[in-house]
Amino acid sequence: TKLKPDEYLSVGHRLRMIHLAIANLDWAMVDLYEAFQPQPTSLSTTMHAFMKRARSQLPGRELMEVFWLRGEDSMLY
């Protein structure tokens, strides 16, 4: 069942669950940008910030494939 607003899991707990879920995926990574924003951010804001950081770290601005995994309720922002 869906958690009530006062039952939200901490960021640390959610990150541990995510890291366990992707432990065997050497091509996957977790980006912490959204977790530490003071308020909910839009998907486009999160995507723009991630792509800007990722591109700045790629030698020669190599092409990369990116996909996003978010909870359905997050799509409201």
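Here are four short exercises on the structure above, each with a worked solution.

This is a predicted model, in which local features need pLDDT of at least 70 and side-chain atom pairs count only at pLDDT 80 or more, while totals for chains, interfaces and linings use all residues. Residues are numbered from 1 along each chain as its sequence is written, and side-chain values use heavy atoms, with hydrogens and water left out.

**Exercise 1. Find out how many helices and strands the protein chain has.**

Step 1: Recall the rule: helices (H or I, at least four residues) and strands (E, at least two) are DSSP runs, numbered from the N terminus.
Step 2: Count them: the protein chain has two helices and zero strands.
Step 3: Locate them: α1 covers 11-21 and α2 covers 43-57.

**Exercise 2. Compare the span of α2 with the expected one.**

Step 1: The expected span is 1.5 Å times one less than the number of residues in the helix.
Step 2: α2 has 15 residues, and 21 Å is expected.
Step 3: From first C-alpha to last, α2 reaches 21 Å, close to that expected value.

**Exercise 3. Decide which residues of α2 are buried, and look at what T46 touches.**

Step 1: Use the cut-offs: buried means under 20% relative accessible area, exposed over 50%, and partly exposed in between (1.4 Å probe, protein chains only).
Step 2: The buried residues of α2 are T46, A49, F50, M51 and A54.
Step 3: Check T46: its relative accessible area is 5%, so T46 is buried.
Step 4: Here is a helpful idea: an α-helix has 3.6 residues a turn, so residues three or four places apart point the same way.
Step 5: The T46 side chain also makes a polar contact with the side chain of T41, at 2.9 Å. A polar contact is a pair of N or O atoms within 3.5 Å; within protein, one must be able to donate a hydrogen and the other to accept it, and residues adjacent in sequence count only if both atoms are side-chain atoms.

**Exercise 4. Find the salt bridge and say where its two partners sit.**

Step 1: Look for a side-chain nitrogen of Lys or Arg within 4 Å of a carboxyl oxygen of Asp or Glu.
Step 2: This rule gives one salt bridge: the side chains of D31 and R53 meet at 2.4 Å, N to O.
Step 3: D31 is in the loop between α1 and α2, R53 is in helix α2, and the two are 22 residues apart.
Step 4: D31 is partly exposed because its relative accessibility is 28%; R53, at 31%, is partly exposed too.
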